[in-house]
Amino acid sequence: MKRTMCLGAVATMALAFSGCTGASDGNTEEATSESETAATAPIILVHGFAGFGPDEALGFRYWGGMEDLGEYLTNQGHVTKTAVVGPFSSNWDRAIELYYQIKGGCVDYGHSHSEKFGHYRGRPDVVKCWHTPADPSTAGFPEALYPQWDARHPVHLMGHSMGGQTTKMLVHLLEADGAPLEPGLFGGVKTGWVKSVTAISASLNGTTLTNVATNYVPMIKNLVAGVAAFVGVADENNSLYNFKFEQWGLKRNEGEKFLSYRDRVMASKVWNVSSNKDISLWSLSREGASEENAWVNTWSNVYYFSQATRATYTVGTVDLPYASANMLVGLFCGLGAMGNYGKDQSWHANDCVVNTTSMAGPSGSTVVKFTGTPQRGKWNSFGVLEGFDHFDVTHWPSNPLTLRKVSVGKDPVGPMRFWSDEEYHGYYLEHADRLSTLR
Ligand SMILES: [Zn+2]
């Protein structure tokens with residue numbers, strides 16, 4: 001029974017969808033000439049929209065489903081850490097939280113940004129902190145993922161879905177020491193701190209799912225109810241799930257029941273995307289992504305990789321979902337959803353959550369087909385995994401009720417794929433090996 005409810009709630013997670021080429025300063029010699037480079041650089045996993053951390057879902061993992069991808073790769077000799085950032089926050093807020101979570105310290109969203117959008121800039125009692133030995137005031141907070149992080153101790157960032165946008169934005173904030181609106185964000189450029197970015201099924205140019213999800217607040221409410229059921233099984237009020245909206249003053253109070261916390265958050269005006277663009281829905285829209293891509297560069301000293309996924313096939317002028325698309329996200333692949341009809345046919349194909357064309361590289365960047373030798377400053381594309389929906393690539397279990405592997409006979413591109421454990425392990429291990437050889 002527990003398992004059934006777990007899968008049912010995962011199905012509710014169906015609602016989870018979750019530049020130009022710039023030149024760096026070229027000051028990468030110190031980082032790249034040191035032995036301490038990609039070989040020992042940890043991989044940091046960054047989840048997408050509505051994601052959650054290893055401690056929030058009673059053993060279910062965003063990265064790996066019924067097993068922990070970070071643990072697996074670490075056991076294979078590739079130290080891998082799993083980050084947790086605001087599940088519904090904007091890419092800006094998520095990228096900055098990611099920085100402090102890796103390096104340690106208390107989040108500072110920046111003076112101009114915080115003033116413009118009207119949320120806390122950073123205050124230890126309401127905003128997140130991570131412990132680093134370099135800052136005694138952070139004692140008692142969760143441990144930072146990699147406090148020694150710097151140019152000689154770089155990291156590889158791997159983001160799924162919105163996590164791809166978040167990670168490439170963090171690279172820019174480091175390499176440029178901020179953004180046009182927020183110069184001097186980190187008190188100096190941090191060239192070479194990130195060796196590579198890997199964007200998996202990422203909304204690099206936004207997703208049309210945000211056009212479908214016009215009724216945002218009820219959608220989130222349903223989603224969170226599903227997550228609460230998922231993590232709390234029978235008792236939603238004890239859910240461990242957290243909006244991580246402390247910057248908006250929406251911290252869960254001690255002893256507060258989850259449903260009352262959820263309703264308090266839902267009643268907030270932060271969800272109103274017409275008046276607040278510092279929120280995930282805007283970051284995920286084509287317009288919001290385009291706005292970000294106008295200032296978030298692809299840096300010439302960083303390796304970028306991308307993996308696209310597609311769960312639809314083309315018939316004439318429309319893209320249809322595989323009959324076997326599971327109920328996890330299959331709902332969004334139906335005709336009319338995801339913009340899979342109409343004039344702009346290049347945006348039809350999708351993995352039920354993100355349009356496939358959005359996944360190769362951000363607008364304005366150079367995308368090259370990966371042929372075995374990664375190129376810096378370009379998006380090395382692994383192409384499209386055909387028949388993969390949005391969470392197949394992170395190895396979430398399919399729901400047996402959908403009979404997804406059975407009713408696939410007539411799909412023209414072949415049956416819906418679903419990785420075996422061995423294939424899934426092999427894919428990520430091969431890439432981790434690849435990252436460790438980057439220089
Ligand atoms: Zn913000």
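## Strand S11, both faces

In this predicted model, S11 shows two faces: Tyr303, Phe305, Gln307 and Thr309 point one way from the strand, while Tyr304, Ser306, Ala308 and Arg310 point the other way. Whichever way they point, all of them are buried. That covers eight of the eight residues of S11 (residues 303-310), so the strand is largely enclosed by the rest of the structure.

S11 has pairing partners to look at, too. With strand S9 (residues 194-200) it pairs in the parallel sense over five bridges, and there Gln307 is the bridge partner of Ile200. With strand S15 (residues 379-386), S11 pairs in the parallel sense over six bridges. If you want a spot to click on, Tyr304 stands opposite Trp379 in S15.

## The sheet around it

Zoom out and you get an open sheet of seven strands, with parallel pairing and the order S3-S2-S6-S9-S11-S15-S14. Which strands stand at the edges? Strand S3 (80-82) and strand S14 (367-369) do; each has a single partner strand, so one side of each is left without a neighbour in the sheet. From one strand to the next, the twist averages 25°.

Elsewhere in the sheet, strand S6 (residues 155-160) pairs with S9 in the parallel sense over six bridges. Here the bridge partner of Leu157 is Val197 in S9. Lying across S2, S6 and S9 is helix H6 (residues 162-175), which runs at about 160° to S9.

## Two nonpolar cores

The largest nonpolar core has 72 residues, and Ile44 and Leu170 are the ones that touch the most other members. H4 supplies the largest share of this core, with seven residues. Leaving aside residues up to four places away in sequence, Leu170 touches Ala95, Leu98, Tyr99 and Leu157. There is also a second, separate core of 15 residues, and its members include Ala50, Phe88, Phe245 and Trp282.

As background, nonpolar side chains in soluble globular proteins tend to be buried together. For the protein as a whole, 51% of the 439 residues count as buried.

## Helix H4

H4 deserves its own look. Helix H4 (residues 91-103) has 13 residues and reaches 18 Å from its first C-alpha to its last, close to the 18 Å expected at 1.5 Å a residue. Is this helix buried or exposed? Buried: 13 of the 13 residues of H4 are, so the helix is largely enclosed by the rest of the structure. Just after H4 comes Gly104, which takes a positive phi of about 100°.

H4 is one of 12 helices in the protein, which also has 15 strands.

## A long-range contact at Gly65

Now for a loop. Gly65 sits between strand S2 (43-46) and helix H3 (69-75). What does Gly65 touch, not counting residues up to four places away in sequence? The list is Phe60, Thr394, His395, Trp396 and Pro397. Take His395: 330 residues separate Gly65 from His395 in sequence, yet their C-alpha atoms are 5.6 Å apart in space.

As for burial, Gly65 has 18 C-beta neighbours inside 10 Å, so it counts as partly exposed; the buried class would need 20 or more.

How values were computed: Residues are numbered from 1 along each chain as its sequence is written. This is a predicted model: local features need pLDDT of at least 70, side-chain atom pairs count only at pLDDT 80 or more; totals for chains, interfaces and linings use all residues. Helices (H or I, at least four residues) and strands (E, at least two) are DSSP runs, numbered from the N terminus. The expected span of a helix is 1.5 Å times one less than its number of residues. A residue is buried if 20 or more other C-beta atoms lie within 10 Å of its own, exposed if 12 or fewer, and partly exposed in between; C-beta atoms are placed from the backbone. Two residues are in contact if their C-beta atoms, placed from the backbone, lie within 7 Å. Two strands pair if DSSP finds at least two bridges between them. A nonpolar core is a set of buried Ala, Val, Leu, Ile, Met, Phe, Trp, Tyr and Cys residues joined through C-beta atoms within 7 Å. Axes are lines fitted to C-alpha atoms, for helices over the stretch in contact, and angles run from 0 to 180 degrees between N-to-C directions.
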